[in-house]
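Visitor: Please take one part of this chain and look at it closely, then set that part in the context of the whole. I would like a connected account rather than a list.

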Amino acid sequence: MSDIALRVATAATLLWLGMVLAISFLEAPLKFRAPGLHLRTGLATGRIVFRALNGAEVAWAAVLATTLIAHAPSTQTIGAGHDRGADVPIGRRPTATQSAFRSGPGR
């Protein structure tokens, strides 16, 4: 994945997270503490705000998906990250206790 694609994906994710946290933990609770604001008005405003957030989330998801699909990492990059010994069959690997006994003091 290119550096620009990673930055765009990170920015879109952090922007989404910031909007969700701001609306959920700041706007919604403070709205119902406002003097003179009736419950019906607060709920109607909440519906409008969350509908707008849902529309923005669809746009951010499209940007994120497009970025990740267009700049997907190659299989060479993915395969280069495996640890040493990953190609050894599981039945041939020593168990944790066998490894511990072999590497104990004096060995």
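Guide: Met19 is a residue of helix H1, which covers residues 3-31. The model is a predicted one, and what follows should be read as a description of that prediction. With a relative accessibility of 34%, Met19 is classed as partly exposed, because this value falls between the 20% limit for buried and the 50% limit for exposed. Once the neighbours within four places in sequence are set aside, the contacts of Met19 are with Leu53 and Trp60. A related view comes from the backbone, where the C-alpha atom of Met19 lies 9.4 Å from that of Ala56, although 37 residues separate the two along the chain.

The contact partners of Met19 lead to the pairing of two helices, since Leu53 and Trp60 are among the residues of H2 that meet H1. The axes of H1 and H2 come within 9 Å and cross at roughly 170 degrees. H1 is therefore roughly antiparallel to H2, as the crossing angle is over the 145 degrees that this description requires. By class, the contact of H1 with H2 is made up of 16 nonpolar, five polar and three charged residues. On the H1 side the participants include Ala5, Val8, Ala12, Trp16, Met19, Ile23 and Lys31, while those of H2 include Gly42, Val49, Phe50, Leu53, Trp60, Leu64 and Leu68.

Two further residues of H1 help to fill in the picture on either side of Met19. Thr10, which also belongs to helix H1, is partly exposed at 37% relative accessibility. The C-alpha atoms of Thr10 and Leu64 are 8.5 Å apart in space, with their positions 54 residues apart in sequence. Lys31, likewise placed in helix H1, has a relative accessibility of 10% and so counts as buried, the cut-off for that class being 20%. Apart from neighbours within four places in sequence, Lys31 is in contact with Leu37, Gly42, Thr45 and Gly46; Gly42, Thr45 and Gly46 are listed among the H2 residues that meet H1.

Beyond H2, the loop between H2 and H3 holds Ala72, which is partly exposed with a relative accessible area of 48%. The C-alpha atom of Ala72 is 8.7 Å from that of Ser2, a residue 70 positions away along the chain.

Seen as a whole, the chain contains four helices and zero strands, and the order of its elements from the N terminus is α-α-α-α. Of its 107 residues, 11% count as buried, and Lys31 is one of the residues in that class. Among contacts in the chain with a separation of 6 or more, 65% join residues that are 24 or more positions apart. The accessible surface amounts to about 8,600 Å², and carbon and sulfur atoms account for 67% of that area.

Confidence in the prediction has to be kept in view when these details are weighed. The mean pLDDT of the chain is 74, with 66% of the residues at 70 or more. Helix H2, residues 39-70, has the highest confidence at a mean of 87, whereas helix H3, residues 75-79, has the lowest at a mean of 50. Where pLDDT is low, the predicted coordinates should not be read in detail.

How values were computed: Residues are numbered from 1 along each chain as its sequence is written. This is a predicted model: local features need pLDDT of at least 70, side-chain atom pairs count only at pLDDT 80 or more; totals for chains, interfaces and linings use all residues. Side-chain values use heavy atoms; hydrogens and water are left out. Buried means under 20% relative accessible area, exposed over 50%, partly exposed in between (1.4 Å probe, protein chains only). Contact means heavy atoms within 4.5 Å. Accessible areas come from the Shrake-Rupley method with a 1.4 Å probe; for residues, only the protein chains shown count as cover. pLDDT is the predictor's confidence in each residue, from 0 to 100. Axes are lines fitted to C-alpha atoms, for helices over the stretch in contact, and angles run from 0 to 180 degrees between N-to-C directions. Angles under 35 degrees count as roughly parallel, over 145 as roughly antiparallel, 65 to 115 as roughly perpendicular and the rest as oblique. Ala, Val, Leu, Ile, Met, Phe, Trp, Tyr, Cys and Pro count as nonpolar, Asp, Glu, Lys and Arg as charged, and the others, Gly among them, as polar.
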